[in-house]
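These are my notes from a session of looking things up in one model. I wrote each entry as I went.

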Amino acid sequence: MTQSARFQLKEISAEQSFPLRHKILRPEQTLSDCCYEGDFEPTTVHIGAFLNSQLIGICSIYTATNLSLPTSNTCQLRAMATDESARGKGVGVQLLSAAETHAKRQGHSGLWANARQAALGFYQNLGYGVVGDEFDIAGVGRHTLVVKHFANASR
C-alpha cells in the first residue's frame, strides 16, 4: 500500500492483528476478545505497518454506519494501535491516511471511530470532529465519537 523509509503498510488478515490488539487495546481481556464482529466480512480491510518483518501498527476499516451521524455513507475505523516502541514516528498518521484512502476509494463520504480519550487529540489534529458526548465502552473505557467527512465524496 504505502512505503516509508522506516516502515511499510500492507493489507493483513484479521488474525494477524489480534496479538497487537490484545497487547495495546485489550490487555486485560483474552486474545479471543480481540476478534470483533465484522472482522471476517468481505468488505472489512485490515492494514498493518511493518518495520522489517515486525508488525508495529494496525487498523481495521469496516463497512458500518453510525446512527449519530447525518449520513449513512460512512465507514468505521476500529482497532487502531501502534506498538509502544514505534510511537511518535508517524506510524499512526500513515495508518489513518491509508484508512481514509481506502474509504474514499470505496465511495464513502466519511470515516468515523470511537476514539479513546488518550487518542482524541490525535484525531482532532488530523481533521476529525467530535460528535456528541463522551461515553463508556464496558471493559474498555471512555470514548468519544469522531468523524471526518471527505470533500468531493463520490456518493
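How far apart are the end C-alpha atoms of helix 2, and what should its 15 residues span at 1.5 Å a residue? I note before answering that this is a predicted model. For residues 91-105, which make up helix 2, I found the expected span to be 21 Å and the end C-alpha atoms to be 21 Å apart, so the two values agree.

**Entry: the helices**

I then listed which residues of helix 2 are buried, and the list runs Val 91, Gly 92, Leu 95, Leu 96, Ala 98, Ala 99, Glu 100, His 102 and Ala 103. I noted that a charged residue, Glu 100, is on that list of buried residues. Lys 104, for its part, lies over the face of Phe 150, at 5.1 Å from the ring centre. After helix 2 comes Gly 107, and I read its phi as positive, near 85°.

I turned next to helix 1, residues 14-25, where I found Ala 14, Ser 17, Phe 18, Leu 20, Arg 21, Ile 24 and Leu 25 to be buried. When I asked what these buried residues pack against, I got strand 2 (8-12), strand 3, strand 4, strand 5 and strand 6 (110-116).

**Entry: Asn 73**

I looked up Asn 73 and placed it in the loop between strand 4 (54-62) and strand 5 (74-82). Its relative accessible area is 14%, and because that is under 20% I entered Asn 73 as buried. A polar atom of its side chain lies 3.0 Å from the backbone oxygen of Gly 107, and this is the Gly 107 that I had met following helix 2.

**Entry: aromatic rings**

Before going through the rings I reminded myself that a pair of aromatic rings is described by the distance of the centres and the angle of the planes. The count of aromatic pairs came to three. One of them joins Phe 122 and Tyr 123, edge-to-face, with 5.3 Å from centre to centre and 80° between the planes. Another joins Tyr 123 and Tyr 128, also edge-to-face, with 5.6 Å between the centres and 75° between the planes. Ring pairs thus link Phe 122, Tyr 123 and Tyr 128 into a cluster.

Which members of this cluster are buried, and which partly exposed? I found Phe 122 to be partly exposed, at 28% relative accessibility, whereas Tyr 123 is buried at 8% and Tyr 128 is buried at 4%.

I also checked for a charge over a ring, and I found the charged end of Arg 78 sitting over the ring of Tyr 36, at 4.0 Å from the ring centre.

**Entry: positive phi**

Most residues other than glycine have a negative phi, and I therefore looked for exceptions. Asn 52 is not a glycine and yet has a positive phi of about 60°. I placed Asn 52 in the loop between strand 3 (45-51) and strand 4, and at 74% relative accessibility I entered Asn 52 as exposed. Ala 79 likewise has a positive phi of about 60° without being a glycine. Ala 79, however, has its place in strand 5, and with a relative accessible area of 7% I entered Ala 79 as buried.

**Entry: cysteines**

How many disulfides does the model contain? I counted zero disulfides. Why is Cys 34 not in one? The closest cysteine sulfur to that of Cys 34 belongs to Cys 35 and is 9.0 Å away, which is too far for a bond, given that a disulfide needs the two sulfur atoms within 2.5 Å. Cys 34 is buried, with a relative accessible area of 0%. Cys 75 is in no disulfide either, and I found its nearest cysteine sulfur, that of Cys 59, to be 11 Å away. Cys 75 also counts as buried, at 1% relative accessibility.

**Entry: Val 140**

My last look was at Val 140, which I placed in the loop between strand 7 (129-137) and strand 8 (141-149). Leaving out residues up to four places away in sequence, I found that Val 140 touches Arg 26, Gln 29 and Arg 116. Arg 116 is 24 residues from Val 140 in sequence, and the two lie 8.8 Å apart in space, C-alpha to C-alpha.

Note on methods
Residues numbered from 1 in each chain as written. Predicted model: local features only at pLDDT ≥ 70, side-chain atom pairs only at ≥ 80, totals over all residues. Heavy atoms only, no water. Helix = DSSP H or I, 4+ residues; strand = E, 2+ residues; numbered from the N terminus. Buried < 20%, exposed > 50% of the residue type's maximum accessible area, 1.4 Å probe, protein only. Polar contact = N/O pair within 3.5 Å; in protein donor to acceptor, adjacent residues only side chain to side chain. Phe/Tyr/Trp six-rings, centres within 6.5 Å; stacked < 30°, edge-to-face > 60°. Lys NZ or Arg CZ within 6 Å of the ring centre and 35° of its normal. Expected span 1.5 Å × (residues − 1). Contact = heavy atoms within 4.5 Å.
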